[in-house]
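Got your viewer open and a hand on the mouse? Let's take a walk through this one, stop by stop.

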Amino acid sequence: MFQVVLLGAVALGIGWIVNNTLSNLARQGIASGLGFWGEDAGFGIIMSLIEYSEAASYGRAFLVGLLNTLLVSALGILLATLLGLVIGIARLSPNWLLRRLAAAYIETFRNIPLLLAIFFWYFAVLRSLPHPRHSIDLFGLAYLSNRGVYLPQPVLGGGPGWLIAGLILGVLAVLALHRWTRRRRNAGRPLPVYPLWLGIAFILPPAVLLAAGGLSWSLPALRGFNFQGGMGLIPEFVALLLALSIYTAAFVAEIVRAGIESVARGQQEAASALGLNRRQSLRLVVLPQAMRVIVPPLTNQYLNLTKNSSLAAAIAYPDLVSVFAGTVLNQTGQAVEVISITMAVYLTISLLIALAMNLYNRRTEWGVRR
């Protein structure tokens, strides 16, 4: 009975909020709904992964902001995981200097506010770089200037479809190789799995591209006052990516360290007794067991990184908050719809990340129990 009364009170509260909001909007002459979605945006965006112009719709601007958010979040998660894993293992290294350096990294970067770190990379580092005419030349392949980082860009002769086909073939080949090597391992005839996986991952997709029409590179070159060709990364994107990755990696490193130390020391001694060196013991014995402790808090760090990407608005990186909850909201005045959609998008992304990590965690626990 108490639960029914509580549910009814919540429903009445939500109904009152919705009715009050609609009444206030009508009183101020603001039309509710998504009618603005197809109207012309009329503003430019400095970075877009898809075709976009000022004549595009607000819906197109929303999609551009969403893709930019997903891009910096995905790359940030990848870099933070790799860097955090290395720092966390170095934190337990028998080398005194390496161990102290890892500890200094962790204690320094996790105690600096993330927004301040973003400002540091953007204003103190990237914006202080020289102009394009005096940019820092990295062996004639890449250039650093206050307008961004310019890198070589691959040009696919057969189109992006062949790249996707090569990646799919690579994934299928790795799965088939995994099954085959597992059967050999169970039969007492193990093979070096990781070199084979890396060989397939780095050889098969380029081979498909070469067969489809070749792969060439577009190199950046200074033309007038700016660079032409290649791939340009704007300073806002680079600053946000560096700040998110380095900041989150400090927390990931502590999670990795705690996970490794949670494994009983007898497991490492048993691995040494079997003739495994420190690297083999860590990869084959310690880390698989430590993943049960690492994955749950690691999920929280992935969620935090994704949500913290909204701080991009502080340096005008065109993410979802800056483009949609900022410019679109100011132009249309549809505050309720825009903010609700933005909140729903972040909620959906967070739930998908949590779902994927929970599925991986269950599989890890099942593999350890086996």
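**Stop 1: the strands**

Select tyrosine 143 and tyrosine 150: tyrosine 143 stands opposite tyrosine 150, which sits in S3. Before you go further, keep in mind that this is a predicted model.

Now show all of S2 together with S3, residues 148-151. These two strands run antiparallel, and three bridges join them. Follow the chain from S2 into S3 and you go round a hairpin with two residues in it.

Next, add S1 to your selection. S1 pairs with S2 (residues 142-145), again in the antiparallel sense and again over three bridges. Go back to tyrosine 143 in S2 and look at its other partner: aspartate 137 stands opposite it. Then pick leucine 138, which stands opposite alanine 142 in S2.

What does phenylalanine 139 do in the hairpin of S1 and S2? Click on phenylalanine 139 and check its backbone: it takes a positive phi near 60°. This hairpin has three residues between the strands.

Time to bring in the rest of the sheet. Select S1, S2, S3 and S8, and you have an open sheet of four strands in the order S1-S2-S3-S8, with antiparallel pairing. Which strands are at the edges? They are S1 and S8 (231-233), each pairing on one side only. Turn the sheet around a little to look at its twist, which averages 15° from one strand to the next. While you have side chains switched on, here is a handy rule: in a regular strand they alternate between the two faces of the sheet.

**Stop 2: two helices that cross**

Hide the sheet and select H7 (residues 235-262) and H9 (residues 278-308). Their axes come within 8 Å and cross at roughly 145°. The crossing of H7 and H9 is right-handed.

Which residues make the contact? On the H7 side, show the side chains of the contact residues, among them Leu244, Phe251, Ile255 and Ile260. On the H9 side, the contact residues include Leu282, Val286, Ile294 and Leu305. Try colouring the contact by residue type: you get 15 nonpolar residues, five polar and no charged.

**Stop 3: charged pairs**

Now for some opposites. Side chains of opposite charge can pair when their charged atoms come close. How many salt bridges does a search of the whole structure find? Six.

Stay on H7 and select glutamate 236, then add arginine 127. Their side chains meet in a salt bridge, 3.4 Å from N to O. The pair links distant parts of the chain: glutamate 236 is in H7, while arginine 127 is in the loop between H4 (114-126) and S1 (136-138), 109 residues apart. Switch on a surface and compare the partners. Glutamate 236 has a relative accessible area of 7%, so it is buried. Arginine 127, at 38%, is partly exposed.

Move along H7 to arginine 257 and glutamate 254. This salt bridge is 3.1 Å, N to O. Why are they separated by about one helical turn? Because arginine 257 and glutamate 254 are three residues apart in H7. Is glutamate 254 buried or exposed? At 16% relative accessibility, it counts as buried.

Keep those two selected and add Glu107, Arg110 and Glu261. Together, Glu107, Arg110, Glu254, Arg257 and Glu261 are linked in a network of salt bridges.

For another pair, jump to H8 (residues 265-273). Glutamate 269 and arginine 265 meet there in a salt bridge of 3.9 Å, N to O. These two are four residues apart in H8, so about one helical turn separates them. Arginine 265 counts as exposed, at 62% relative accessibility.

**Stop 4: a pair of glycines**

Find glycine 38 in the loop between H1 (2-27) and H2 (58-90). Glycine 38 has 59% relative accessibility, so it counts as exposed. Now draw a distance from its C-alpha to that of glycine 59: you should get 6.2 Å, although the two are 21 residues apart in sequence.

**Last stop: zoom out**

Show everything as a cartoon. The protein chain has eleven helices and eight strands. Of its 370 residues, 36% count as buried. Finally, take the contacts in the chain with a separation of 6 or more: residues 24 or more positions apart account for 68% of them.

Terms used:
Residues are numbered from 1 along each chain as its sequence is written. This is a predicted model: local features need pLDDT of at least 70, side-chain atom pairs count only at pLDDT 80 or more; totals for chains, interfaces and linings use all residues. Side-chain values use heavy atoms; hydrogens and water are left out. A salt bridge is a side-chain nitrogen of Lys or Arg within 4 Å of a carboxyl oxygen of Asp or Glu. Buried means under 20% relative accessible area, exposed over 50%, partly exposed in between (1.4 Å probe, protein chains only). Axes are lines fitted to C-alpha atoms, for helices over the stretch in contact, and angles run from 0 to 180 degrees between N-to-C directions. A crossing is left-handed if the near helix is turned anticlockwise from the far one by less than a right angle, and right-handed if clockwise. Contact means heavy atoms within 4.5 Å. Ala, Val, Leu, Ile, Met, Phe, Trp, Tyr, Cys and Pro count as nonpolar, Asp, Glu, Lys and Arg as charged, and the others, Gly among them, as polar. Two strands pair if DSSP finds at least two bridges between them.
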